[in-house]
Amino acid sequence: MRAFRKAAGWSLKRLHEEVRLSVSHLSRIENADAMPPPELPALLDAAFGTDGIFAELYRVASHERHPDQFQRRMDLEARAVTLREYSGQIVPGLLQTEGYAEAQFRTYNPRATEAEITKLVADRLARQTLLLGPEAPEYAIILDQGVLQRGFGGPVVWHKQLEQLAASTHTANGVVRILPFAHGGHGLMGGSLTLMTLGDGAQVAYEESITTGTLLEESHVVLDRERAYDRLAAHAWPPARTADYIHSLMEAQPDEQPPQPARVG
């Protein structure tokens with residue numbers, strides 16, 4: 001797109017007048033920070049008279065597997081002004097305690113070295129700085145009730161994780177809510193979803209399963225995920241009830257290591 005634009009002697013503003021996409025969005029596409037929306041290739045072919053070149057490029061790009069999708073997700077997350085997330089199995093990384101994160105990584109890969117675990121945990125904790133400071137994004141996180149029924153790391157680690165979740169249910173820039181079992185089945189079961197709105201208004205989604213993640217940028221696909229998230233949000237408990245429920249779980253969990261039996265012999 002940049003090559004044809006420059007050959008035509010056009011600025012991004014001039015291209016915006018042809019395709020009616022914001023200058024900031026066009027810049028992100030030229031810098032490979034975003035997939036083009038599905039309607040753009042035909043508009044580019046018409047603007048530049050390229051007889052289907054952009055339509056063919058889009059077909060190839062939209063079916064290509066990107067091994068760096070998780071890193072791209074991290075880059076976009078760092079630029080987001082709002083984050084909305086649903087998690088059905090584990091506490092999201094942005095809210096994990098150090099002990100929970102370490103236990104999760106050890107469970108996922110029992111053969112990992114101490115150095116590998118240390119780096120993974122450090123990276124996860126560093127990522128959490130996104131939610132701190134005056135420029136922190138607004139966040140809204142929905143946890144399936146099942147997330148609160150299965151901990152990592154034993155009772156002491158789990159108690160600390162519950163404590164952190166309770167403190168996060170209603171903060172200056174975000175809320176955490178629980179989707180109760182009573183709601184039944186829903187369209188996001190089987191994985192997790194993150195919806196991100198960037199500073200220029202662009203919206204992207206990221207779906208994650210056990211070992212894979214998929215970044216979604218086509219507007220109609222993101223809209224489908226937003227609708228599914230909004231339906232869940234309509235049935236989730238409010239933050240106050242969520243906090244009460246978490247506190248009830250904390251009362252059933254020890255906050256210190258139980259005494260070890262004396263060794264005999």
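Let's start where helix 2 meets helix 4: Leu15, Glu18 and Val19 of helix 2 touch Leu40, Leu43, Leu44, Ala47 and Phe48 of helix 4. Keep in mind that you are looking at a predicted model. Sort the residues of this contact by character and you get 7 nonpolar, no polar and 1 charged. How do the two helices sit against each other? Two packed helices are described by the angle between their axes and the distance between the axes. For helix 2 and helix 4 (residues 40–48), the axes come within 10 Å and cross at roughly 110°. An angle from 65 to 115 degrees counts as roughly perpendicular, so helix 2 and helix 4 are roughly perpendicular to each other.

Helix 2 (residues 12–19) also packs against helix 3 (residues 23–30), at an angle of about 105° and with the axes 9 Å apart. Helix 2 and helix 3 are therefore roughly perpendicular to each other as well. On the helix 2 side, look for Leu12, Lys13, Leu15, His16 and Val19; on the helix 3 side, for Val23, Leu26, Ser27 and Glu30. The mix in this contact is 5 nonpolar, 2 polar and 2 charged residues.

Now move along to helix 8, which covers residues 114–127. Two of its residues deserve a look. Ile117 sits in this helix, and is it buried or exposed? Its relative accessibility is 2%, so Ile117 counts as buried. If you set aside residues up to four places away in sequence, Ile117 touches Glu102, Phe105, Arg106 and Ala112. Take Arg106: it lies 11 residues from Ile117 along the chain, and the C-alpha atoms of the two are separated by 7.2 Å.

The other residue is Arg127, also in helix 8. Why does Arg127 count as buried? The cut-off is under 20% relative accessible area, and Arg127 comes in at 15%, so it qualifies. Leaving out residues up to four places away in sequence, its contacts are Arg73, Met74, Glu77, Gly93 and Leu94.

Next comes the sheet. It is an open one of 7 strands, in the order 3-4-2-1-5-6-7, and its pairing is mixed. Strand 3 (170–171) and strand 7 stand at the edges with a single partner strand each, so one side of each has no neighbour in the sheet. What joins these edge strands to their partners? Strands of a sheet pair through backbone hydrogen bonds, either parallel or antiparallel. At one edge, strand 3 runs antiparallel to strand 4, and 2 bridges join them. His170, for example, has Val175 in strand 4 as its bridge partner. At the other edge, strand 6 and strand 7 (residues 213–216) are antiparallel and joined by 4 bridges. Strand 6 and strand 7 form a hairpin, with 4 residues between them. One pair to find here is Glu208 and its bridge partner in strand 7, Gly213.

Finally, look inside. The largest nonpolar core has 33 residues, and Leu148, Met196 and Ile246 touch the most other members. Among the elements that give two or more residues to this core are strand 1 (80–87), helix 7 (98–108), strand 5 (192–198) and helix 11 (239–251). Which element gives the largest share? That is helix 9, with 5 residues. To see the packing around one member, pick Ile246: beyond its neighbours within four places in sequence, it contacts Leu148, Leu162, Leu165, Ala166, Thr169 and Ile178. There is also a second, separate core of 15 residues, including Leu179, Val221, Tyr229 and Ala236.

Note on methods. Residues are numbered from 1 along each chain as its sequence is written. This is a predicted model: local features need pLDDT of at least 70, side-chain atom pairs count only at pLDDT 80 or more; totals for chains, interfaces and linings use all residues. Side-chain values use heavy atoms; hydrogens and water are left out. A nonpolar core is a set of buried Ala, Val, Leu, Ile, Met, Phe, Trp, Tyr and Cys residues joined through side-chain atoms within 4.5 Å. Buried means under 20% relative accessible area, exposed over 50%, partly exposed in between (1.4 Å probe, protein chains only). Contact means heavy atoms within 4.5 Å. Axes are lines fitted to C-alpha atoms, for helices over the stretch in contact, and angles run from 0 to 180 degrees between N-to-C directions. Angles under 35 degrees count as roughly parallel, over 145 as roughly antiparallel, 65 to 115 as roughly perpendicular and the rest as oblique. Ala, Val, Leu, Ile, Met, Phe, Trp, Tyr, Cys and Pro count as nonpolar, Asp, Glu, Lys and Arg as charged, and the others, Gly among them, as polar. Two strands pair if DSSP finds at least two bridges between them.
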